[in-house]
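Subject: Handing over the structure

Hi there,

Here is the structure I promised to pass on to you. Please open it alongside this email, and then read on for what turned up in it.

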Amino acid sequence: VGGDPQSELARLYPPLAPALHVWACLRLRPEDRPRLLPEDLTQEVWLRAFQIFHTFGTSHTSFRAWLFAVAKNVLLEVRRQSRRTAAELAVQGSSSRLAALNQVPLEVTSVTRRVAKDEEVHRFVEKLRDLDETERQTVLHCGLEALSLKDAAARLGESRVRAMAPSIGIPILLPDGRTLLRGPAINVPELGGHAHTVSLDD
């Protein structure tokens with residue numbers, strides 16, 4: 001990846017901001033939220049992505065998969081920090097996080113705030129929360145984090161994932177190697193849903 005990292009992120013990041021916000025809403029636990037809102041987490045993800053953007057060019061993966069891998073690492077670090085004593089968090093966590101977030105450009109902050117207030121994003125989050133755990137995790141892994149069905153099945157169980165993935169809009173490649181089966185119920189941002197099979201030649 002060539003060019004200025006901030007300019008490249010300014011181009012690549014905004015289309016994925018809604019999906020990242022949805023991911024943050026679903027991944028943050030109740031015990032995380034006193035210290036961290038979804039929009040705080042997504043801005044920390046942007047900052048980390050900016051700091052290590054040079055690794056994207058050697059990752060041999062999509063920007064979406066790379067960004068969500070960064071997001072998962074950031075969330076793990078936040079949770080490790082949360083295990084510190086209350087005094088340590090008060091002295092280090094809050095101040096250092098605020099200092100770091102001050103480095104996020106205004107245009108990124110604007111995107112974050114706009115997404116956080118978007119009613120369609122909120123409705124999508126609530127719809128995912130209404131799913132059962134396997135369905136919700138499949139959307140998170142395949143639809144948001146861009147894991148393959150094979151990788152998601154390794155985490156959740158192959159038979160369950162393959163049985164329900166088309167019904168929530170996650171495409172499955174059929175044995176002919178040319179046709180995708182995709183269901184209509186839930187369509188993850190940037191994935192158009194269909195109630196029928198779709199030829200890759202279309």
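**Cysteines**

At 11% relative accessibility, Cys142 falls under the 20% cut-off and so counts as buried. Cys25 is buried as well, with a relative accessible area of 10%. How many disulfides does the structure hold? The count is zero. As a reminder, a disulfide would be a covalent bond between the sulfur atoms of two cysteines. Please keep in mind throughout that this is a predicted model.

**The overall layout**

The protein chain has ten helices and three strands. Reading from the N terminus, the helices come first and the strands follow, in the order α-α-α-α-α-α-α-α-α-α-β-β-β. The chain has 202 residues, and 44% of them count as buried. If you take the contacts between residues at least 6 apart in sequence, 55% of them join residues at least 24 apart.

**Helix α2**

Cys25 brings us to helix α2, since it is one of the buried residues there. Why can this helix be called largely enclosed by the rest of the structure? Helix α2 covers residues 17-27, and ten of its eleven residues are buried, so the rest of the structure largely encloses it. The buried set consists of Ala17, Ala19, Leu20, His21, Val22, Trp23, Ala24, Cys25, Leu26 and Arg27. What do these residues pack against? Their partners are α3 (38-51), α4 (63-82), α6 (106-116), α7 (119-129) and α8 (133-144).

Ala17 is a good residue to click on in this helix. Its relative accessibility is 5%, so Ala17 counts as buried. Setting aside neighbours within four places in sequence, Ala17 is in contact with Val111 and Val115. Ala17 and Val111 are 94 residues apart in sequence, yet their C-alpha atoms are 7.4 Å apart in space.

**The cavities**

Ala17 turns up again here, in the lining of the largest cavity. There are two cavities of 30 Å³ or more, and the largest holds about 40 Å³ of space. Which residues line the largest cavity? They are Tyr13, Ala17, His21, Thr42, Val111, Thr112 and Val115. Helices α2 and α6 each supply at least two residues of this lining, and the largest share, three residues, comes from α6. By type, the lining divides into four nonpolar residues, three polar ones and no charged ones.

**The aromatic pairs**

Seven aromatic pairs are found in the structure. One of them joins Trp46 and Phe50: the pair is stacked, at 5.4 Å centre to centre and with 5 degrees between the planes. Trp46 and Phe50 both lie in helix α3, four residues apart, which is about one turn of the helix. An α-helix has 3.6 residues a turn, so residues three or four places apart point the same way. Are the two partners buried or exposed? Trp46 counts as buried, because its relative accessibility is 2%, while Phe50 is partly exposed, with a relative accessible area of 30%.

Phe53 and Trp66 make another kind of pair. Their ring centres are 5.9 Å apart and their planes stand at 85 degrees, so this pair is edge-to-face. Phe53 lies in the loop between α3 and α4, whereas Trp66 lies in helix α4, so the pair ties together parts that are 13 residues apart in sequence. Both Phe53 and Trp66 are buried. Ring pairs also link Phe53, Phe56, Phe63 and Trp66 into a cluster.

**A backbone detail**

One last residue to look up is Ala146, in the loop between α8 and α9 (149-156). Ala146 is not a glycine, but it has a positive phi of about 65 degrees. For context, most residues other than glycine have a negative phi. Ala146 is partly exposed, with a relative accessible area of 31%.

Happy browsing, and best wishes!

Key: Residues numbered from 1 in each chain as written. Predicted model: local features only at pLDDT ≥ 70, side-chain atom pairs only at ≥ 80, totals over all residues. Heavy atoms only, no water. Buried < 20%, exposed > 50% of the residue type's maximum accessible area, 1.4 Å probe, protein only. Contact = heavy atoms within 4.5 Å. Phe/Tyr/Trp six-rings, centres within 6.5 Å; stacked < 30°, edge-to-face > 60°. 1 Å grid on protein atoms, 1.4 Å probe; cavity = no way out; pocket = protein on both sides within 12 Å on 5 of 7 lines; lining within 4 Å. Points joined across faces, edges and corners; volume = space filled by probe spheres on them. Nonpolar A, V, L, I, M, F, W, Y, C, P; charged D, E, K, R; others polar. Disulfide = S-S within 2.5 Å.
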